Amino acid sequence: MSTSFERYQKRRLISSYFSVVISISLVLFLLGILGLLVLNTKKVADHFKEQIAMTVYFKETAKEVEIEQLKKSLAMADYTKSTTYVSKEEAAEEHSKEIGEDFMEFLGYNPLQNSIDVYMNADFVSSEQVDEIAAELTAKNFVDEVIYDQPLIALLNENVKKISFWVLVVSGIFTFIAVLLINSSIRLAVYSKRFIIKTMQMVGATKGFIRRPFIWQSVKLGIIGAILALIGMAAVLYYLNKSFGELNLLGDVKLLAALFIGIFLMGVIITWISTYIATSRFLNLKTDELYY
């Protein structure tokens, strides 16, 4: 009979530990994914900003030397990420493919212009800075005009600010919820042993002596939960980096290492504090209050 009861208690204990580990790992995993989102919000925004091209059109009278000099000066400029020169012949060929017929045959000449597509570094993609760069390039006497999508740039910057703000707000709320959920799981695990805690206290054990095994056990569960969460995060990060290689999600190793270490430490610290508070609560209760 006693052996059967001991097996039942052991299964119940394992089930309790399992539920705590699962709840900790799930909460930390979701928190870690949110952390990855926060870290890569700017990177994703920068990626889209750098896809916007500013096109510089040259006058028919523009000399080859002048175009080459501008190419070199743009290549050395701080705001330039990359440039692509498109001759009027290449532009005509591309346009003919898009419309499905040779428009030059109908017109009798090529109305298009030689141009350079300038892709800028994300830090310079703002309405004010792009306006200044465009004005500087337009001032050159061999440049006909500079065209870029100003409304798109303004809209993109505005949306990036909004998204960044709400991501931070959601991160703060979710961190608070994560702490509450882990704390609740730990409290339930300690609650099931409240009579053991009180019995140890009644036979003369000090509060520190009673807390120690509970804290150590919870910290071990927190470590296991954190490791499971980190494995899940690593798998998601690997998949995303493989699917969206252009974002280079694994580029900043230091930030990723800091996030992983932070999630691991969070699992340890939250379980430690939660167990300390939970055991202190039951240590300070009277025996009659344990039944409520």
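Here is a walk through the fold, its strands, its salt bridges and one surface patch. Keep in mind that the model is predicted.

Start with the overall layout. The protein has 9 helices and 4 strands, and along the sequence they come in the order α-β-α-β-α-α-β-α-β-α-α-α-α. Of its 292 residues, 35% count as buried. If you take the contacts between residues at least 6 apart in sequence, 83% of them join residues at least 24 apart. The accessible surface adds up to about 18100 Å², and carbon and sulfur atoms account for 64% of that.

Now to the strands. Strand β1 covers residues 53–58 and runs antiparallel to strand β3 (residues 115–120), with 5 bridges joining the two. One pair to look for is methionine 54, whose bridge partner in β3 is valine 118. β1 also pairs with strand β4 (residues 143–147), again in the antiparallel sense, this time over 4 bridges. Here you can pick out tyrosine 57, which has glutamate 145 as its bridge partner in β4. So β1 has pairings with β3 and with β4. As background while you look at these strands, side chains in a regular strand alternate between the two faces of the sheet.

Next, the salt bridges: a search of the whole structure turns up 3 of them. Take glutamate 50 and lysine 81, whose side chains meet with an N to O distance of 3.6 Å. Glutamate 50 sits in the loop between α1 (2–49) and β1, while lysine 81 belongs to strand β2 (residues 80–86), so this pair ties together parts that are 31 residues apart in sequence. Is glutamate 50 buried or exposed? Its relative accessibility is 17%, and because buried means under 20%, glutamate 50 counts as buried.

The pair of lysine 71 and glutamate 68 is a more local affair: the closest N and O atoms are 3.2 Å apart, and the two residues are 3 apart in helix α2 (residues 64–76), which means about one helical turn separates them. Lysine 71 is partly exposed at 24% relative accessible area, and glutamate 68 is partly exposed too, at 31%.

Then there is lysine 162 with glutamate 158, where the closest N and O atoms are 3.4 Å apart. Both residues lie in helix α6 (residues 150–191), 4 residues apart, or about one turn of the helix. Lysine 162 has a relative accessible area of 46% and is partly exposed; glutamate 158, at 41%, is partly exposed as well.

Finally, have a look at the helices from the annotation side. An unreviewed UniProt entry lists residues 17–39, 165–190, 221–240 and 255–278 under "transmembrane region". In the model, residues 221–240 are 100% helix and 0% strand, with the end C-alpha atoms 29 Å apart. Residues 255–278 are likewise 100% helix and 0% strand, and there the end C-alpha atoms are 34 Å apart.

Which residues form a nonpolar patch on the surface? They are Ile261, Leu265, Ile269, Trp272, Ile273, Tyr276 and Ile277, and together they have about 660 Å² of accessible area. Tryptophan 272 is in helix α9, which covers residues 253–283. With a relative accessible area of 42%, tryptophan 272 is partly exposed.

Key: Residues numbered from 1 in each chain as written. Predicted model: local features only at pLDDT ≥ 70, side-chain atom pairs only at ≥ 80, totals over all residues. Heavy atoms only, no water. Patch = residues over 30% accessible without salt bridge, like charges linked within 9 Å, V, L, I, M, F, W, Y side chains within 5 Å. Areas by Shrake-Rupley, 256 points an atom, 1.4 Å probe, with all protein chains shown as cover. Salt bridge = Lys/Arg side-chain N within 4 Å of Asp/Glu carboxyl O. Buried < 20%, exposed > 50% of the residue type's maximum accessible area, 1.4 Å probe, protein only. Pairing = 2+ DSSP bridges. UniProt positions renumbered as here; feature names shortened; annotations may be inferred. Contact = heavy atoms within 4.5 Å.
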